[in-house]
Amino acid sequence: MIAKRWPGLAGLLTVFLLSWSAAPMADPPEGWTFHPLDQALKLAKQEQKRVFLYFGRHGCPSCEKTNRESFTDPRVIENYNANYVLAYADSEGGNRLRLSSGERITEMELGVKLKVFGTPFFYFMETNGAPILRAPGYQSADELVLFDTFVNDGHYKQQTFAEFKAARS
C-alpha cells in the first residue's frame, strides 16, 4: 500500500537499511569481557585490580580499527585480561551507571564528566576510580602494551607517560 502511494519510498528505505547495517560498528572487541563502569569498579575492589575503561561509539572507524588491529594482538589480550577489570562505555550511550557517590548518570554524561571528547578513548583507573592515564585516539598494539607496562609496573607513580616513553627510546 505504501509503495503504491510513494513508489520511491520503498527503494529509499531499502538503501537506508542496507547502508545502516553496513556502517562500521564499534562495540567492544569480540572475545573480551567488558563491563559497565559501575560493575567494573565493584569487581576491581573485589579482585584488587585496576580498571581499563574503553570509550567507543557506533560508527567510529578508529574504534573499529583498534578492535580489529590492536585488540587481536596476543600480548594485549594476555596483559589486559590478566591485569585489569575491563569496562566499556558508549560515548553516545544512554545506559545509566551509578557512581560510587551514588550519582546516576548515562554513559554519555560519564564521557563529559571525564572530559572524553572523541573516540576511541582509553582511561586507566585505580581500583577506587582515581585516574592514572588518559589516552585518546587509535592506539596500536605496541602502544597498548607500553601503556600496560607503564600502569601495571607502577611507573605512573614516579613519572608521566611521556617521560616514561622517552626514557625507553
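Buried means under 20% relative accessible area, exposed means over 50%, and partly exposed lies in between (1.4 Å probe, protein chains only). This is a predicted model, in which local features need pLDDT of at least 70 and side-chain atom pairs count only at pLDDT 80 or more, while totals for chains, interfaces and linings use all residues. Residues are numbered from 1 along each chain as its sequence is written, and side-chain values use heavy atoms, with hydrogens and water left out.

**Exercise 1. Overall description**

Task: State what percentage of the protein is buried, and give the order of its helices and strands.

Solution.
- Step 1. Of the 169 residues, 42% are buried.
- Step 2. The protein has eight helices and six strands; helices (H or I, at least four residues) and strands (E, at least two) are DSSP runs, numbered from the N terminus.
- Step 3. Along the sequence the pattern reads α-α-α-β-α-α-β-β-β-α-β-β-α-α.
- Step 4. A contact means heavy atoms within 4.5 Å. Among contacts between residues at least 6 apart in sequence, 64% join residues at least 24 apart.
- Step 5. About 9700 Å² is exposed by the protein, and carbon and sulfur atoms supply 55% of it. Accessible areas come from the Shrake-Rupley method with a 1.4 Å probe; for residues, only the protein chains shown count as cover.

**Exercise 2. Salt bridges**

Task: Find how many salt bridges there are, and place the partners of Lys 113 and Glu 143.

Solution.
- Step 1. A salt bridge is a side-chain nitrogen of Lys or Arg within 4 Å of a carboxyl oxygen of Asp or Glu. The count by this rule is six.
- Step 2. Lys 113 pairs with Glu 103, with 3.1 Å between the closest N and O atoms. Lys 113 belongs to helix 6 (residues 107-113) and Glu 103 to the loop between strand 3 and strand 4 (104-106), so this pair ties together parts ten residues apart in sequence. Lys 113 is partly exposed at 47%, and Glu 103 is partly exposed at 35%.
- Step 3. Glu 143 meets Lys 165 in a salt bridge of 3.0 Å, N to O. Because Glu 143 is in helix 7 (residues 141-152) and Lys 165 in helix 8 (residues 161-168), the pair ties together parts 22 residues apart in sequence. Glu 143 is buried, at 15% relative accessibility, whereas Lys 165 is partly exposed at 35%.
- Step 4. Arg 75 and Asp 73 also form a salt bridge (3.0 Å, N to O). Arg 75 is partly exposed at 35%, and Asp 73 is buried at 15%. A network of salt bridges links Asp 73, Arg 75 and Asp 142.

**Exercise 3. Backbone details**

Task: Locate the cis peptide bond, and describe the surroundings of Gln 48 and Lys 115.

Solution.
- Step 1. The peptide bond between Thr 119 and Pro 120 is cis, with omega about -5°. Pro 120 sits in the loop between helix 6 and strand 5 (121-125).
- Step 2. Lys 115 is in the loop between helix 6 and strand 5. Its phi is near 60°, a positive value in a residue other than glycine, and Lys 115 is exposed at 55% relative accessible area.
- Step 3. Gln 48, a residue other than glycine, has a positive phi near 55°. Gln 48 is found in the loop between helix 3 (37-47) and strand 1 (50-56), and is exposed at 61%.
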